[in-house]
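Student: I would like to learn how to read pockets, cavities and sheets in a model. Can we work through one case?

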Amino acid sequence: MAYTNNLQVIYGDATLGVNTQDKQYIFSYERGGLESLKIRGKEWLYRVPTPTFWRATTDNDRGSSFNLKAAQWLGADMFTHCTKIQLKVDQHRFTELPVAPINNQFSNHEFAHQVEITFIYETLTTPQTKVEITYQIDNNGHVTIKMHYYGKKDLPPLPVIGMRFIMPTLASGFEYDGLSGETYPDRMAGASAGTFKIKGLPVTKYLVPQENGMHMQTKRLTITRNTTLNNADNSNEDFNLTVEQTGQPFNFSCLPYTAEELENATHIEELPLARRTVLVIAGAVRGVGGIDSWGSDVEDQYQIDPSQDCEFSFRLL
Amino acid sequence: MKANLSWLDDPEVFRVNQVPAHSDHPYFKNYREWQKQTSSFVQSLNGNWRFNFSPNPQTRPVDFFKTDFDSSSFDQIPVPSEIELNNYAQNQYINTLFPWEGKIYRRPTYSLKQKVAGSFSQAKDNTVGSYIKHFDLNPALQGRNVHIVFEGVERAMYVWLNGHFVGYAEDSFTPSEFDLTPYIKDKNNILAVEVFKHSTASFLEDQDMFRFSGIFRSVELLGLPETHLVDLDLKPEVTDNYQDGIFNAQLHFTGKNVGSVHLFVEDINGKTLLKQKVKLASTVKIENELLKNVHLWDNHDPYLYQLIIEVHAENGDLLELIPYQFGFRKVEINADKVVLLNGHRLIINGVNRHEWDMKRGRAITLTDMKQDINTFKENNINAVRTCHYPNQIPWYYLCDQNGIYVMAENNLESHGTWQKMGQIEPSDNVPGSIPEWREAVIDRARSNYETFKNHTAILFWSLGNESYAGKNIAAMNKFYKSHDHSRLTHYEGVVHTPELKEQISDLESWMYLPPKDVEAYLKDKPQKPFVECEYMHDMGNSDGGMGSYIKLLDQYPQYLGGFIWDFIDQALLVHDLISGQDVLRYGGDFDDRHSDYEFSGDGLMFADRTPKPAMQEVKYYYGLHK
């Protein structure tokens with residue numbers, strides 16, 4: 001059987017491009033991540049996806065002083081430091097990034113059947129630890145994303161371990177195959193399993209904006225948009241991005257705000273105008289607790305242990 | 001008698017000229033009125049009243065009650081409503097500390113062994129609402145003895161009619177009734193009510209809530225028939241085999257003592273099970289009437305029997321008709337310290353419920369109440385604690401009809417007198433064991449008991465909330481025990497004074513005790529059944545880990561369950577000029593200081609009565625032990 005290399009690899013001077021039949025990827029060496037994910041001509045990324053470690057402080061987090069203990073992770077969430085990039089095309093592992101003059105050897109006709117690029121981040125915490133995000137594009141043009149958090153002793157307790165994707169415009173809604181309602185590890189017994197269609201990007205209207213909208217144990221998620229920032233694109237037709245579980249189901253929230261935006265508001269009406277889509281895929285989610293709101297922490301088994309490694313993966317279609 | 005402003009400073013003066021508390025039964029002129037649910041004996045005074053606001057007692061219009069007073073400069077205010085929500089006074093939310101924290105130094109009189117004069121009568125923070133209502137009597141009330149009932153007024157009130165002083169009342173959350181007969185006219189009556197935000201009662205009403213004042217519940221006139229059932233005291237019992245009912249009733253009449261009383265008990269098919277015709281007397285007793293094979297009342301099947309009392313004149317004319325629905329049920333603690341209802345283990349899947357409406361504050365409507373009952377039924381909530389005061393009367397009827405188990409709590413919380421910045425420091429605690437504060441709190445117990453004693457749904461009397469514990473709370477417990485053998489008493493604060501546990505509370509109660517500590521109590525030969533009178537604090541994104549509590553129900557029969565804190569966020573709907581939206585505001589959003597800010601919002605429901613996402617979890621866990 002004839003084997004076809006379907007991935008066109010563009011060895012750029014600051015980026016690595018990968019063109020497939022209906023997707024175009026641009027990985028930025030300078031920005032430290034996937035700068036562009038274009039599916040059938042529609043851009044899905046506003047900025048490069050980053051590891052995320054912060055959740056907007058809940059009332060129970062505040063009451064138990066969790067926010068004081070975890071505060072370092074707020075900085076680590078806002079400011080990402082990419083220290084290293086590793087590239088593998090088919091079986092070839094590059095020892096150096098193929099920028100000029102190394103890439104002078106290539107042409108506009110470079111094809112491969114697998115591209116794997118790993119971004120290594122160091123967290124702005126004391127002590128520091130490492131996070132690796134690997135994008136593996138298969139011969140069908142789908143990307144599997146794997147994030148690995150390296151646990152370390154003496155790190156402060158963690159609000160969340162996940163990846164944050166910011167999309168250029170507001171989604172019109174999303175549909176997922178998972179659990180009903182807003183769920184957390186310690187509050188999901190009452191949820192029913194099924195496929196749920198959500199209109200818009202609802203923010204749960206807690207009196208003080210805080211972590212909200214988490215969906216545990218999800219098999220598949222499809223986000224629908226109908227606008228772009230592209231001035232030459234006048235279409236209002238729906239277009240989609242699907243996130244699919246690889247091994248384990250994943251956890252996600254899909255909101256118009258980052259944790260920091262939520263954190264800064266004391267009332268829901270103070271949140272900025274909703275204009276983008278913030279997707280968090282979380283490998284580890286902290287429970288919300290509820291014994292009281294003035295001291296009791298989340299039960300032990302629903303806390304995230306920062307000394308333990310955490311790895312999760314999912315596929316984008 | 002003349003009104004005396006210093007009553008505001010004296011905990012021993014809390015009711016002057018009030019009619020004694022009595023049962024809340026309705027009465028009608030005839031069967032048609034009952035069908036239409038409108039009694040011609042009742043005249044509502046709800047609506048617009050003349051109103052003047054004064055920032056303190058010194059600036060109030062002292063003579064406003066006089067008939068020649070010129071009130072043309074007065075505004076209008078709707079009754080019932082909160083003065084603050086009419087924007088006369090600042091909204092303030094504060095949890096445990098007193099609303100004057102950081103502004104005025106106060107200690108409860110007698111608490112430090114000395115009398116304090118002028119704490120409230122001379123206070124610059126004691127706002128005053130002067131209300132005037134002009135009214136004519138409905139024809140049906142003319143020529144009769146006429147009473148007036150204020151169902152709820154925060155927090156101290158003086159009443160005058162046609163220039164004559166009528167009476168004084170404290171205890172904001174139980175009805176205050178006065179006899180207007182000596183001064184009433186058919187036409188052109190002038191009712192004057194002076195409402196003070198603070199009195200010594202403020203130390204007893206330090207509930208975690210927005211601090212309002214005003215006539216916030218309905219006001220009505222009652223015309224009394226020639227003979228009137230003033231108090232109905234039903235004591236239905238269930239036999240030891242849980243098969244039969246024993247009907248007991250005491251009927252207390254005022255007015256003419258001639259004529260007869262016809263009493264019927266009917267089941268839901270209209271079948272008459274008991275029929276009695278008795279000669280009228282000031283007290284009529286019907287005792288030990290055995291009703292075979294009664295249908296017991298519970299959450300799943302809130303079966304109510306219809307009691308009908310006809311009061312007839314000597315010539316046979318019907319003077320009044322009293323319909324009342326009651327159920328047969330038995331609540332007890334067995335030898336293993338398990339709470340039983342009708343012989344079966346009782347499990348409380350409860351919530352605490354403040355009366356709250358995002359537009360009207362605590363002046364809630366029947367629509368709010370019905371909606372809340374529906375929410376309970378949809379989510380397997382089977383019990384409510386009336387935190388921390390008696391609720392509007394219709395709520396108890398709705399609970400009877402819908403099988404909602406009620407922990408009926410007194411209007412009592414003196415949190416700021418014993419807990420400061422989280423630490424227990426009871427040096428100025430009231431009511432404590434201070435003799436001068438005793439009668440005021442016993443009166444609160446009495447009013448709660450006498451008003452609601454016939455409600456089948458009430459399984460527990462709760463002495464109050466977070467008031468520490470001394471001899472006075474023990475005296476409240478004793479009041480209930482000496483009047484009612486059919487219910488259990490509850491009080492949590494005795495955990496701080498365990499030496500009083502023998503005298504206070506049939507239940508061991510410890511709010512927010514973590515699951516492992518609840519288990520430790522249950523494992524160690526519990527002396528009383530255990531209840532979490534407050535647990536799962538639902539502030540913001542919360543209600544995680546509920547399963548750890550629910551699991552204990554399967555392991556320990558002595559665990560009665562608990563009441564989630566709480567049902568609905570206390571937040572107020574305000575128009576935001578910046579965003580142009582109607583938005584929900586919480587403590588501190590009105591420049592109110594000292595405040596406890598967003599702690600006002602701990603509900604399973606948002607203030608707009610939509611459920612928080614946690615509700616599906618509650619529905620699930622509460623569905624496991626329905």
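Tutor: Start with the pocket rule. Take a 1 Å grid over the protein atoms alone; a pocket is an open set of points with protein on both sides within 12 Å along at least five of seven lines, a cavity is a set where a 1.4 Å probe fits but cannot get out, and lining residues have an atom within 4 Å of a point. Points are joined across faces, edges and corners, and a volume is the space filled by probe spheres set on them. Here the largest pocket holds about 1,500 Å³. The model is predicted: local features need pLDDT of at least 70, side-chain atom pairs count only at pLDDT 80 or more, and totals for chains, interfaces and linings use all residues. Residues are numbered from 1 along each chain as its sequence is written, chains are lettered from A and ligands numbered from 1 in the order written, and side-chain values use heavy atoms, without hydrogens and water.

Student: Which confidence values go with the complex and chain B?

Tutor: The predictor gives the complex an ipTM of 0.95 and a pTM of 0.97. pLDDT is its confidence in each residue, from 0 to 100. Chain B averages 98, and 100% of its residues score at least 70.

Student: Back to the largest pocket. Which residues are closest to its centre?

Tutor: They are B:D24, B:P26, B:I393, B:P394 and B:Y397, out of 49 lining residues. For elements, use DSSP runs numbered from the N terminus: helices are H or I with at least four residues, strands are E with at least two. In chain B, those giving two or more residues to this lining are β2 (42–44), β11 (176–179), β15 (219–224), β23 (318–326), α3 (366–378) and α4 (393–402). The largest share, 6 residues, comes from α4(B).

Student: How does the lining of the largest pocket divide by class?

Tutor: Ala, Val, Leu, Ile, Met, Phe, Trp, Tyr, Cys and Pro count as nonpolar, Asp, Glu, Lys and Arg as charged, and the others, Gly among them, as polar. The lining has 23 nonpolar, 18 polar and 8 charged residues.

Student: Where does the second largest pocket lie?

Tutor: Domain bounds come from an automatic or database domain assignment. In chain B, domain 1 (5–27 + 36–224) and domain 3 (331–568 + 603–625) both give residues to the lining, so the second largest pocket lies between them. The volume is about 960 Å³. Nearest its centre, among 34 lining residues, are A:W294, B:N95, B:T96, B:Q419 and B:F599. The largest share, 3 residues, comes from α1(A).

Student: Now the closed spaces. How many cavities of 30 Å³ or more are there?

Tutor: The count is 8. The largest cavity has about 170 Å³. Its 18 lining residues include A:W54, A:E211, A:S253, A:A259 and A:V280, the closest to its centre. By class, that lining has 11 nonpolar, 4 polar and 3 charged residues. The second largest cavity has about 140 Å³. Of its 16 lining residues, B:L234, B:P236, B:R329, B:K453 and B:R487 are closest to the centre.

Student: What is the strand order of the open sheet in chain B?

Tutor: Two strands pair if DSSP finds at least two bridges between them. The order is β2-β15-β7-β11, with 4 strands and antiparallel pairing. β2 and β11 of chain B are the edge strands, each pairing on one side only. Strand β7(B) (residues 145–150) is joined to β15(B) by 6 bridges. There, B:V146 stands opposite B:G223.

Technical notes
pLDDT is the predictor's confidence in each residue, from 0 to 100.
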